[in-house]
Amino acid sequence: MIATNPAMNNVLVVGVYLMHKLADEADPMTFFYGDGAGAAVLNTSDRPGFINAAFLADGFYHKHWGIYSGGTYEPASVESVKAGRTRVRMNERYPPEINHEGWPRLVRNLAEEGGFAVSDIDFIIFTQVRKPSIELV
């Protein structure tokens, strides 16, 4: 919007999610689902201010954790609501390798594609990652 509207010079972008509200109150894994939020102020400039971004979502472990009804694959129904398929749930823990191998690879790719060295990074904010994985990165 900033690029196409000359009257717009500053934008506050906020993203939040409240996964705990989508979980069954009796679910012992609710702590794992976590809530999150992030915000950024974007403004116009003659200089580039964005270096790079990276993410990975391949869906390989989709059966481990998710909301299994309420979308296009299985629209919500009385039966799926009663069965709890419209609530977030973890069916199986993710293997530790997901974070132990994935995060370091993601950070290396980010640096390589952004044209800087991993050692140039001063600060990384991780979401829902265990401390041993962070230490590996």
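**View 1. Lys131 and Glu135 in helix α4.** Lys131 is exposed in this predicted model, its relative accessible area being 59%; exposed means over 50%, buried under 20%, and partly exposed in between (1.4 Å probe, protein chains only). Glu135 is likewise exposed, at 56%. Both residues belong to helix α4 and lie four residues apart, about one turn of the helix; helices (H or I, at least four residues) and strands (E, at least two) are DSSP runs, numbered from the N terminus. Their side chains form a salt bridge of 3.8 Å, N to O, a term for a side-chain nitrogen of Lys or Arg within 4 Å of a carboxyl oxygen of Asp or Glu.

**View 2. The salt-bridge network of Glu74, Glu79 and Arg85.** Shared partners join these three residues into one network. Arg85 meets Glu74 at 2.7 Å, N to O, and Glu79 at 2.9 Å, N to O. Glu74 is in the loop between β3 (65-66) and α2 (78-82), and Arg85 is in the loop between α2 and β4 (89-90), so their pairing ties together parts eleven residues apart in sequence. Arg85 is buried, with a relative accessible area of 18%, whereas Glu74 is partly exposed at 21% and Glu79 is partly exposed at 49%.

**View 3. The largest nonpolar core.** Six residues make up this core: Met19, Ala23, Met29, Tyr33, Val88 and Met90. A nonpolar core is a set of buried Ala, Val, Leu, Ile, Met, Phe, Trp, Tyr and Cys residues joined through side-chain atoms within 4.5 Å. Beyond its neighbours within four places in sequence, Ala23 is in contact (heavy atoms within 4.5 Å) with Thr30, Tyr33, Arg87 and Val88.

**View 4. Ser133 in helix α4.** Ser133, a residue of helix α4, is buried with a relative accessible area of 2%. Apart from neighbours within four places in sequence, Ser133 contacts Asn99 and His100.

**View 5. Asp122 in a loop.** Asp122 is located between α3 (97-114) and α4 (131-136) and is exposed, at 78% relative accessibility. Glu112 is ten residues from Asp122 in sequence and 16 Å away in space, C-alpha to C-alpha.

**Notes on the model.** Residues are numbered from 1 along each chain as its sequence is written, and side-chain values use heavy atoms, without hydrogens or water. In this predicted model, local features need pLDDT of at least 70 and side-chain atom pairs count only at pLDDT 80 or more, while totals for chains, interfaces and linings use all residues.
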